[in-house]
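Please open the model in a viewer and keep the selection tool at hand. The tour below proceeds stop by stop, stating what to select and what is found there.

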Amino acid sequence: MSFISIILSILILGILVLVHEFGHFILAKKNGVFVKEFSIGFGPRIVSHVAKSGTRFSWKAIPFGGSCQMLGALEDEDDDTDDERSFDKKSVWARMSIILAGPVFNFFLAFVLAVIVIGTSGYDPATVTYVAEGSPVYEAGLREGDIITNYNGAAINFGREVYLEEYLHPLESDSKAVTITYLRDGKKQKISAVPQKRDYYILGLSYYANENEAAIAEITAGGPFEQCGLDQGDVILQIGGTDIKTGQDLGNYFNEHPITEEPIHIKYLHRGVVKETDVTPQKASAYTLGFDYNIVNQKTNVGGVLKYSFAEMRYQILSVFKGIGFLFSGRGSLDMLSGPVGIVEVIGTTYDASAPSGFFATLINMLSIVILLSANLGVINLLPIPAMDGGKFLLLIIEAIRRKPINKKYEGIITVVGAVLIMILAIVVLVNDITKFF
């Protein structure tokens, strides 16, 4: 992990927290609540300044987290509970708006950055790129060029969304018929198909189909690529006699040349050395519908940029909720969770892979990570966990229904219990991150 990637991680996490707490700050000011301290990080203060308004702005030693400390929002003996500027003196609706502002600002940041990313790099329409003759979807009427808009009840805007649904709901022997809605010549059509078991061939790699060099993101243990000596981070330069300059080129190659049992000649860059080898695809079996879809970006017009930027924000938010549901269903594991250490590792890996492609490619990839993290931070804070925004909001809903505030003693107990649970989870995630790192 490079020094630059660590600095980038601190900067990105700082921006996410700054935007979140700034949301609380702006709505607190709008509703007449006095903000005692607005800080980024926690621990001892490094830099601190008291403004004319009386608010202290601080940068603290540990660059993770932050706070917008409002008068009367916490049990503090120094607070004047009769002060009209106190959080508790405001209406329940004003307090709700202040609590919700943090996550909403994170979602807004994700949208703004999505406009930049999609405006420059495009989006990945869920266009069908291949349909196997005789397959379930072929018999049902799906054809190459159709654009998927709904997969088994889930609205689809991107190829990634089809992949997510396939990952969360894998096709199995007892899978029911899958419904697919698609566009053909501007007209919506709907089909239903039952998965069938099919043999296919794999190379055992994953990559990003973007404008960066075709670096291998992951290698399947025991797969053909690993057996031939290729490793994560190696860059594909040529495959099957076709020159490959970007991940998008690699995606286009596989779309045009479905993998068969025939060996494929690969030229690749391994730790600065150009190497060549023949890779024999590995046979595998799975239940399938018999089609492939696009994961390569294409440009769109101004209206499309706005439309798909909103869809990108929605996709990132729903992905978190679906991931949480997947985890609690027992099908996922703690490896799906990452804390600051895991985030730093992802940012570092992405930076190292993007840097050789230049400043612009690196910037777009960093912004894509910020979109993902900002949406994640917004969703996690909305969960009804005591001591988090969602938990506080739930207590305010109860107060609105009861038409009187919850006893401060009980609210304090709930908050402390929530804080302890969050701390325990943070420790578990930290240990998990460190284990994965080494």
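In which loop is asparagine 152 found? Select asparagine 152 in this predicted model: the residue sits in the loop that joins β4 (147–151) to β5 (154–155). Its phi is near 55°, a positive value in a residue other than glycine. Asparagine 152 has a relative accessible area of 44% and is therefore classed as partly exposed.

Select arginine 271 next, in the loop between β13 (264–270) and β14 (273–279). Arginine 271 likewise is not a glycine, yet has a positive phi of about 50°. With 70% relative accessibility, arginine 271 counts as exposed, because the cut-off for that class is over 50%.

**Salt bridges**

The next stops concern charged side chains. Side chains of opposite charge can pair when their charged atoms come close. The structure holds 11 salt bridges, and three of the pairs are visited here: arginine 45 with glutamate 37, aspartate 83 with arginine 85, and glutamate 161 with arginine 314.

Select arginine 45 and glutamate 37, and display their side chains. The closest N and O atoms of this salt bridge are 2.8 Å apart. Glutamate 37 is buried, at 6% relative accessibility, whereas arginine 45 is partly exposed, at 45%. Add Lys60 to the selection: Glu37, Arg45 and Lys60 are linked in a network of salt bridges.

Move to aspartate 83 and arginine 85, whose closest N and O atoms lie 3.2 Å apart in a salt bridge. Aspartate 83 has a relative accessible area of 17% and is buried, since the limit for that class is under 20%. Arginine 85 is partly exposed, at 37% relative accessibility.

Then select glutamate 161 and arginine 314, a salt bridge with its closest N and O atoms 3.6 Å apart. Glutamate 161 belongs to helix α4 (residues 159–168) and arginine 314 to helix α7 (residues 302–328), so the pair ties together parts that are 153 residues apart in sequence. Glutamate 161 is buried, at 5% relative accessibility, and arginine 314 is partly exposed, with a relative accessible area of 28%.

**Helix α7 and its partners**

Two packed helices are described by the angle between their axes and the distance between the axes. Keep α7 selected and add helix α2 (residues 92–121): the two axes come within 8 Å and cross at roughly 130°. This angle makes α2 oblique to α7, and the crossing is right-handed. To view the contact, select Phe107, Ala110, Phe111, Ala114, Val115, Ile118 and Gly119 in α2, which meet Val305, Leu306, Tyr308, Ser309, Phe310, Glu312, Met313 and Ile317 in α7. By class, the residues of this contact of α2 with α7 are 12 nonpolar, 2 polar and 1 charged.

Finally, replace α2 with helix α9 (residues 359–382). At what angle do α7 and α9 pack? The angle is about 55°, and the axes are 9 Å apart. The α7 helix is thus oblique to α9, and the crossing of the pair is right-handed. The α7 side of the contact comprises Glu312, Gln316, Ile317, Val320, Phe321 and Ile324, and the α9 side comprises Ile371, Leu372, Ala375, Asn376, Val379 and Ile380. The residues in the contact of α7 with α9 divide into 9 nonpolar, 2 polar and 1 charged.

Technical notes: Residues numbered from 1 in each chain as written. Predicted model: local features only at pLDDT ≥ 70, side-chain atom pairs only at ≥ 80, totals over all residues. Heavy atoms only, no water. Salt bridge = Lys/Arg side-chain N within 4 Å of Asp/Glu carboxyl O. Buried < 20%, exposed > 50% of the residue type's maximum accessible area, 1.4 Å probe, protein only. Helix = DSSP H or I, 4+ residues; strand = E, 2+ residues; numbered from the N terminus. Axes fitted to C-alpha atoms, helices over the stretch in contact; angles between N-to-C directions. Parallel < 35°, antiparallel > 145°, perpendicular 65-115°, else oblique. Left-handed = near helix turned anticlockwise from the far one by under 90°. Contact = heavy atoms within 4.5 Å. Nonpolar A, V, L, I, M, F, W, Y, C, P; charged D, E, K, R; others polar.
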